[in-house]
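The following exercises concern a single protein model. Please keep the sequence and the 3D view open while working through the solutions.

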Amino acid sequence: MCGIAGYLSTNTYPPEVLEDMVEAVRHRGPDAAGFYHDGFYHAGMRRLSINDVAGGDQPLYNRDKTVALLYNGEIYNSPVLRRELEKRGILFRTHSDGEVICHLYEFEGERLFERLDGMFAAALWDVQRRRLILARDIPGEKPLYYSHNHAGELAFASEIGSLVNFPAVAKKLNRQALWDFPTFLWIPEPATVYENVFALPPGHLLIADETGVRLQSYVNRFVSTQHDYSDEEATDETRRLVQEAVRSRLLSDVPIGCFLSSGLDSSLVTTLAARDRTDLSTFTIGFEDVADPYHGRADESPFSEAYARALGTRHHTVRVTADDFRRNLDRFTEHAGQPFAVSSGLGILSVAQAAREHGVKVLLSGDGADEIFGGYSWYEYLNQVNGQMPAPTVSYGEIISMQYVGLPRPRVLNALRTYPPAVRAWAWHYYASERDKAALFSPEIATEAKNSLRHFHEFQNGSPWSAEDTIRQDRLFYFPNEMLQKVDRMTMAFGVEGRVPFAAPALLSFADALRYPQMVRDGTLKWTLRQAFRDILPPAVTNRPKHGFNVPIDHWLKGRWSDLVRETFAPSSPLSRLGLIRSDAEQHARSMLADHRRLTGHTIFCCLQLNRWIERTEGVFV
């Protein structure tokens, strides 16, 4: 695990340029540094030592050093690949999991990445062909950003804050991305907050050589040959794949821990991990028990503590308050890298800090089970609402969504039935509407911006969405942009590696074969997953209703965080100075927070976070 950065350029830059880029990702790799130079190619990394602690420093090479690799991540099937390569005569220099990449390139070229079950962002330099290959894992667990200018210069890094240290990267704000941000709480990839900085998409390569720079996808080879599972077959395959995903993600020479909430997903991951790791540490968040109208009670730590005692783990409850989270807002903003307002990330940040303080460098998470097996609370309504193709909505005025917790559920569902698929996809679980944003952003931004619902159009094929289509769209869009970003950014803030077993490529592929009744049946969410492990999990876990980690943002912004709202929309705030918001934006924000029909706190939290991010970075804009 590490952070990487580098560039290709015929211009000569002082060594400090690369050093600054690499230093900016020190938190991702506090244990060691490495650099590589070859002609126009310059790259470096910061290492977090997890596997082959003593001998796994980078760059890593093939046998004749015609391939040089800097990479961030873990290759979980590296033991299998290593044995295969050794049978072909390869002698390994290290015990690092990443060295298999160098040697596989000799035999398979760029197609090697299809064979990697892992999370990674890799920069592979082919010395003889003068070719750079950047690669990102299939689910998108590890970030990799790049910028390519008209002069042919290419720069890349694990974080945007590192990339913008390269002098040739233009730092012009992407106003469309700012508009999209409050709709989702994040900026949908491949766009970023800067116009000329992009995320390499999951499952893609960027290849730079004498012919130019091009992007290309690579296939997921971890696919099942079967496409129509009976209930019994689906249950058996679920058990096999989940067990293998958790077991393989225990690959580590350093202590391992798990996020443990009271829910099914983290409890299952922890249960399976505890079978192989007798010294497993577990961590949960505990804070003021505020009643949330959407999720119920906020503090679920007593249930987690009870289950940890039953498993015999080394359990730690991280007690936090609204004031603790407020003190962490600057760190949260810094390590998100760009505007990001997924408030549950504050909890992950606190857990990562506690894990590091207890000597734990690896944390397993239960994220992803909802998108794979059908776990979100609104999924039980999909068959009641989907399957129709109403006329496209012409006017994007007030659109009722699942955030309207003050309205009777039947009324909300009836409204959703009248929406086309793109509007309905937003209404299930996203945030600011176009109307909300127009009341906050300046008219210049509002009139120029494209509708944020365009992000759903690429998933439409002209026919009504089925329930499976909606869940698949969440799997491809929501999961990498929100859940995986949250886990990676907030754990790496403290040099802790977050691992997500449910992001395994084999599980992602398997999920496409599941039918809706195998995911949601008779009101039971994640039916197949519960069936697969009902013999090893107690009823208190398998029968517990869905309850995500919840931060009561609406409650806090109306109360003890109210002054932050005032600061965000004040005439002296960065948002105001740059002309990004309306002069009466605070009035509209207060009105939204006072609307008892719906939850609007996260929309306002987006403005708060955007303001804080600009305050941190305003000096670099051009």
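How do the residues of the lining of the second largest pocket divide into nonpolar, polar and charged?

The model is a predicted one, in which local features need pLDDT of at least 70 and side-chain atom pairs count only at pLDDT 80 or more, while totals for chains, interfaces and linings use all residues. Residues are numbered from 1 along each chain as its sequence is written, and side-chain values use heavy atoms, with hydrogens and water left out.

**Exercise 1. Describe the second largest pocket.**

Step 1. The lining comprises 14 nonpolar, seven polar and five charged residues. Here Ala, Val, Leu, Ile, Met, Phe, Trp, Tyr, Cys and Pro count as nonpolar, Asp, Glu, Lys and Arg as charged, and the others, Gly among them, as polar.

Step 2. The space in this pocket amounts to about 690 Å³. A pocket is an open set of points on a 1 Å grid over the protein atoms alone where a 1.4 Å probe fits, with protein on both sides within 12 Å along at least five of seven lines; lining residues have an atom within 4 Å of a point. The volume is the space filled by probe spheres set on the points, which are joined across faces, edges and corners.

Step 3. Among the 26 lining residues, Ile-138, Pro-202, Arg-475, Leu-476 and Pro-480 are the closest to the centre of the second largest pocket. Helix α19 (467–492) contributes the largest share, seven residues. Helices (H or I, at least four residues) and strands (E, at least two) are DSSP runs, numbered from the N terminus.

**Exercise 2. Determine how strand β5 is placed among its neighbours.**

Step 1. Nine of the nine residues of β5 (residues 67–75) are buried, so this strand is largely enclosed by the rest of the structure. Buried means under 20% relative accessible area, exposed over 50%, and partly exposed in between (1.4 Å probe, protein chains only).

Step 2. In a regular strand, side chains alternate between the two faces of the sheet. In β5, Val-67, Leu-69, Tyr-71, Gly-73 and Ile-75 point one way, and Ala-68, Leu-70, Asn-72 and Glu-74 point the other way.

Step 3. β5 pairs in the antiparallel sense with β4 (residues 60–61) over two bridges; two strands pair if DSSP finds at least two bridges between them. Leu-60 stands opposite Leu-69. Nine bridges join β5 to the antiparallel strand β6 (residues 118–126), where Ala-123 is the bridge partner of Leu-70.

Step 4. Seven of the 10 residues of helix α3 (residues 99–108) are buried. These buried residues pack against β4, β5, α2 (78–87), β6 and β7 (131–136), with contact meaning heavy atoms within 4.5 Å.

**Exercise 3. Compare the settings of Lys-65 and Lys-526. Is each buried or partly exposed?**

Step 1. Most residues other than glycine have a negative phi, and most peptide bonds are trans. Lys-65 has a positive phi of about 60°, and Lys-526 has one of about 50°.

Step 2. Lys-65 lies in the loop between β4 and β5, which form a hairpin with five residues between them. Lys-526 is placed in the loop between β21 (524–525) and α22 (527–532).

Step 3. Lys-65 is partly exposed, with a relative accessible area of 47%, whereas Lys-526 is buried, at 3%.

**Exercise 4. Locate the cis peptide bonds that precede Pro-59 and Pro-190.**

Step 1. The bond from Gln-58 to Pro-59 is cis, with omega near 10°; Pro-59 lies in the loop between β3 (41–47) and β4.

Step 2. The bond from Glu-189 to Pro-190 is also cis, with omega near 10°; Pro-190 is found in the loop between α5 (175–184) and β10 (198–199).
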